[in-house]
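Student: Please zoom in on one buried serine and what surrounds it. Then place it in the wider fold.

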Amino acid sequence: MRRRLLSFALLLMIPLCMPAQGNIPLLRMPVIDLLQYQVQKGKRSVAPYLFSQYGLRQIQTELVVKAADTRRLWGWHVAPDTDFAPARQPLYRLFAKKDNSSLAVIDDRTGALQIVFWDKAYYRIFTRELTAHGYQLQHVQPARNVLRFQREGVSLTVDITIWSDLYVVELRNR
């Protein structure tokens, strides 16, 4: 009887021991995968659906970008921002978060990769993993809200732009 009671108590505690549902996509989407993906795009040998294997869903863009546009949008717990003004704002302002796990990706198949998020935990994960892979913080003039990470001998640059309401990570080949 005592053993059954202990087993039942352990089963009740499992949800408390599991991480909260926040930060799901990025924890399963290692920064090294994003770096490799961006480098492969420059070589034109890239898998078309990297983000779907990490739980992100492709967002239909017909109303926002033209059909000939090479950008594809992916999202996790995002909604459209009703105040978005395409003529005055960059595309990453299109998204609004639903919760702290919200994450969006703007994948320009011929250019940069942008990851948009609102939770500082994502920022910490990005910077920690970038430094673990040899990327170093560089000084960027005159922008004070842009952190640039570069690695010696690698043609990939990572900029993290910090706004008061969101973060944008941009990976691009030099």
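Tutor: Buried means under 20% relative accessible area, with exposed over 50% and partly exposed in between (1.4 Å probe, protein chains only). Ser102 has 0% relative accessibility, so it counts as buried. This is a predicted model, where local features need pLDDT of at least 70, side-chain atom pairs count only at pLDDT 80 or more, and totals for chains, interfaces and linings use all residues. Numbering runs from 1 along each chain as its sequence is written, and side-chain values use heavy atoms, leaving out hydrogens and water.

Ser102 sits in the loop between β4 (95–97) and β5. Its side chain reaches the backbone oxygen of Asp99 at 2.8 Å. Leaving aside neighbours within four places in sequence, Ser102 is in contact (heavy atoms within 4.5 Å) with Trp76, His77, Val78, Lys97, Val116, Phe117, Trp118 and Tyr122.

Now the sheet. Eight strands (DSSP E runs of at least two residues; helices are H or I runs of at least four) form an open sheet in the order β1-β2-β5-β6-β10-β9-β8-β7. Pairing, which takes at least two DSSP bridges, is antiparallel. β1 (57–59) and β7 (136–138) are the edges; each has a single partner strand, so one side of each lacks a neighbour in the sheet. The twist averages 25 degrees from one strand to the next (lines fitted to C-alpha atoms, for helices over the stretch in contact; angles from 0 to 180 degrees between N-to-C directions).

Helix α3 (residues 31–42) packs on the sheet, touching β5 (103–108), β6 (113–117), β9 and β10 (167–173). Its direction makes about 40 degrees with that of β10. Helix α4 (residues 120–132) lies across β5, β6, β8, β9 and β10, at about 155 degrees to β9. Five bridges join antiparallel β8 (residues 146–150) and β9 (residues 156–162). Gln150 has Thr157 in β9 as its bridge partner.

Notes: A polar contact is a pair of N or O atoms within 3.5 Å; within protein, one must be able to donate a hydrogen and the other to accept it, and residues adjacent in sequence count only if both atoms are side-chain atoms.
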